[in-house]
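The following explanation proceeds from the cysteines to the sheet and then to the helix packed against its strands. Please keep the sequence and the structure in view while reading.

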Amino acid sequence: MSVEEELFAKRQCKFNELVAYGFSQNGDDYCLEVPLKSANFIAKIRVSSVGEVSGNVYDLDTGDEYLLLRVDSDNGSFSAAVKAEYRAIL
């Protein structure tokens with residue numbers, strides 16, 4: 001189960017409040033980009049038209065996706081800080 005599925009499993013999306021929170025509408029989806037304070041990364045969050053939440057973190061210097069976000073066995077302090085901040089954004 002992804003972190004998004006875990007956090008939003010029993011919640012319903014209030015689409016009428018997403019824009020006020022900072023999301024922009026892109027077709028039927030809503031998107032939000034939030035810079036991380038702990039690193040030179042950005043979190044990109046997407047809410048689909050059926051309320052499914054997904055997201056990724058990207059390195060602003062290289063544009064590469066931060067793949068360790070999805071690796072549960074990685075317990076380094078930097079990775080833990082990025083994961084914690086991503087969860088807080090969600």
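In this predicted model, Cys13 has a relative accessibility of 28% and therefore counts as partly exposed. Cys31 falls into the partly exposed class as well, with a relative accessible area of 25%. Neither residue is bonded through its sulfur to another cysteine: Cys13 is in no disulfide, and the nearest cysteine sulfur, that of Cys31, is 12 Å away. Seen from the other side, Cys31 is in no disulfide either, its nearest cysteine sulfur being that of Cys13. Because a disulfide requires two cysteine sulfur atoms within 2.5 Å, a separation of 12 Å rules out this pair. A search of the whole structure accordingly returns zero disulfides.

Attention now turns to the sheet. Four strands form an open sheet in the order 1-2-3-4, and their pairing is antiparallel. Strand 1 (24-26) and strand 4 (53-59) occupy the edges; each has a single partner strand, so one side of each lacks a neighbour in the sheet. On average, neighbouring strands are turned by 30° against each other when direction is ignored.

Within this arrangement, strand 3 (residues 41-47) pairs with strand 4 in the antiparallel sense over seven bridges. Ile42 stands opposite Tyr58 in strand 4. In general, the strands of a sheet pair through backbone hydrogen bonds, either parallel or antiparallel.

Finally, helix 3 (residues 77-89) lies across strand 2 (29-35), strand 3 and strand 4. Relative to strand 3, helix 3 runs at about 35°.

How values were computed: Residues are numbered from 1 along each chain as its sequence is written. This is a predicted model: local features need pLDDT of at least 70, side-chain atom pairs count only at pLDDT 80 or more; totals for chains, interfaces and linings use all residues. Side-chain values use heavy atoms; hydrogens and water are left out. Buried means under 20% relative accessible area, exposed over 50%, partly exposed in between (1.4 Å probe, protein chains only). Two strands pair if DSSP finds at least two bridges between them. Helices (H or I, at least four residues) and strands (E, at least two) are DSSP runs, numbered from the N terminus. Axes are lines fitted to C-alpha atoms, for helices over the stretch in contact, and angles run from 0 to 180 degrees between N-to-C directions. Contact means heavy atoms within 4.5 Å.
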